[in-house]
Amino acid sequence: MIPAAPKLGAKAWILIDAATGTVITSHNSDKRLPPASLTKMMTAFVTTREIKAGRIKADAMVTVSENAWRTGGSRMFLDPGSSVSVHDLLSGVIIDSGNDASVALAEHVAGSEGVFVRMMNTTANTLGMSNTHFMNSTGLPEREHYSSARDMATLARAIISEGAYSYGLYAKKHFTWNGIRQANRNLLLWRDASFDGLKTGHTDAAGYCLVASSHRSGRRLISVILGASSTHKRTAETEKLMGYGFRFYDTKTYKRAGKILMWSALWKGKERSIAVGLLDDMTLTLPKNKNRELETRMEIDGPLEAPIAIGAVVGRLELYDAGQKLGSQPLIALENGEPGNWWKRWWDTMHLFFTKTIREWFDETDIA
């Protein structure tokens with residue numbers, strides 16, 4: 001038995017495995033709370049998606065508007081009317097947490113911050129962030145500006161899994177602009193080399209927040225802390241979460257995609273059987289247990305009749321430990337099941353018909 005997860009000094013938290021998305025532990029993870037500057041993760045994500053799509057360029061020069069320059073709170077210290085590259089603005093958003101840089105980016109990408117915010121909310125909806133609504137690109141407090149620990153973990157996972165152009169910036173410890181050198185507020189970057197992101201946030205309403213990512217021995221975990229009482233507290237609580245996840249849980253691939261797991265009978269086909277396997281690896285995040293005895297169960301959805309296209313779902317694979325289901329995935333055809341000649345199709349049709357008729361007769365007899 002593994003010990004219970006730690007109780008933390010924060011309003012909400014969550015710890016997930018980056019590869020599988022499995023929640024290892026959480027508390028109030030769907031509660032809507034102000035995300036403060038964690039918002040800037042979405043600002044950067046939307047911008048980098050636009051770069052990836054070719055709609056803007058990383059080296060494009062942006063003229064800083066007076067509106068962006070006047071934005072309050074944490075700053076990159078942009079000058080109004082100056083020209084700054086998209087890449088440098090992203091650095092100012094991610095490393096310096098610059099509100100002026102966030103607005104400048106939003107205006108460049110979408111023409112106005114209001115239109116950009118609609119892009120942010122559309123992206124959140126696409127990612128399944130059902131407890132998130134943005135009102136600005138900065139995270140400055142507004143009544144209807146909120147997110148949740150689970151949604152922020154979902155966003156972090158998307159940033160990492162898409163290999164976003166900007167992800168390397170999250171691990172940068174310093175950024176200098178306009179002669180001013182600012183340090184990344186994520187203290188974990190100095191404490192532990194396994195941490196390479198992601199973002200801090202703080203307002204009076206939000207408290208101290210931190211989305212972190214740590215990569216150790218081939219595994220990556222993502223944690224979110226919302227509403228801690230201090231910079232030190234959000235850092236220490238993140239270390240507790242990560243330590244628990246890496247110490248007591250493991251992520252393994254139990255079945256590989258594309259490998260033949262069984263040959264299933266093929267009716268009306270050119271061949272008598274068809275290769276069946278998985279489209280994706282069966283990778284699970286589970287409590288560590290050296291004595292786990294795994295049982296694989298595979299079930300085919302009725303008689304398989306040609307033609308069957310490669311990739312068609314034909315059944316289900318389930319993995320059990322001592323009668324407890326650990327996970328399941330669809331089984332697919334790993335090859336095309338070509339139809340046989342007319343005689344083979346006719347013969348199998350008759351065989352299936354009489355088999356079904358006899359089975360139904362026995363079922364009725366058993367009921368009687």
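1. In the hairpin of β11 and β12, five residues lie between the strands, and Lys-268 there takes a positive phi near 60 degrees. The strands are β11 (residues 262-267) and β12 (residues 273-278), which pair in the antiparallel sense over four bridges. Strands here are DSSP runs of E with at least two residues, helices are runs of H or I with at least four, and both are numbered from the N terminus. Two strands pair if DSSP finds at least two bridges between them. One bridge sets Ser-264 against Ile-274 in β12.

2. A word on the basis of this note. This is a predicted model, in which local features need pLDDT of at least 70 and side-chain atom pairs count only at pLDDT 80 or more, while totals for chains, interfaces and linings use all residues. Residues are numbered from 1 along each chain as its sequence is written, and side-chain values use heavy atoms, with hydrogens and water left out.

3. Strand β11 has another partner, β15 (residues 304-305): two bridges join them, and they run parallel. Leu-266 is bridged to Leu-304 of β15.

4. Another hairpin is formed by β1 and β2, with five residues between them; in its turn, Gly-21 has a positive phi of about 80 degrees. Strand β2 covers residues 23-27 and runs antiparallel to β1, joined by four bridges. Ile-14 has Ser-26 of β2 as its bridge partner.

5. What is the size of the largest nonpolar core? This core has 57 residues, and Met-42 and Leu-89 have the most contacts inside it. A nonpolar core is a set of buried Ala, Val, Leu, Ile, Met, Phe, Trp, Tyr and Cys residues joined through side-chain atoms within 4.5 Å. Buried means under 20% relative accessible area, exposed means over 50%, and partly exposed is in between (1.4 Å probe, protein chains only). Elements giving two or more residues to the core include β1 (12-17), α1 (39-52), α3 (86-94), α5 (113-127) and β8 (207-216). The largest share, seven residues, comes from α6. In soluble globular proteins, nonpolar side chains tend to be buried together.

6. Two residues show the surroundings in more detail. Leaving aside neighbours within four places in sequence, Met-42 is in contact (heavy atoms within 4.5 Å) with Met-120, Thr-123, Ala-124, Leu-127, Met-129, Phe-134 and Leu-155. Thr-47 is found in helix α1 and counts as buried because its relative accessibility is 0%. Not counting residues up to four places away in sequence, Thr-47 touches Ile-56, Val-86, Leu-90, Leu-105, Val-109 and Phe-116.

7. Is helix α4 mostly covered or uncovered? It is mostly covered, as 10 of its 12 residues are buried. The buried residues of α4 include Asn-99, Asp-100 and Glu-107. Against them pack α1, β3 (61-63), α2 (66-69), α3 and α5. The end C-alpha atoms of α4 are 16 Å apart, which agrees with the 16 Å that its 12 residues should span at 1.5 Å a residue; the expected span is 1.5 Å times one less than the number of residues. Gly-111 follows α4 and has a positive phi near 95 degrees.

8. The whole structure contains three aromatic pairs. Rings of Phe, Tyr and Trp (its six-membered ring) pair if their centres lie within 6.5 Å; planes under 30 degrees apart count as stacked, over 60 as edge-to-face and the rest as tilted. The rings of Tyr-244 and Phe-248 have centres 5.4 Å apart and planes at 50 degrees, so this pair is tilted. Both residues lie in helix α8 (residues 231-248), four residues apart, about one turn of the helix. The rings of Tyr-244 and Tyr-249 are also a tilted pair, because their planes are at 55 degrees, with centres 6.1 Å apart. Ring pairs thus link Tyr-244, Phe-248 and Tyr-249 into a cluster. Tyr-244 is buried at a relative accessible area of 8%, and Tyr-249 is buried at 12%.

9. Tyr-208 has its place in strand β8 and counts as partly exposed, at 22% relative accessibility. Its C-alpha atom is separated by 8.6 Å from that of Ala-36, though the two are 172 residues apart along the chain. Leaving aside neighbours within four places in sequence, Tyr-208 is in contact with ten residues, among them Gly-201, His-202, Ile-225 and Arg-234.
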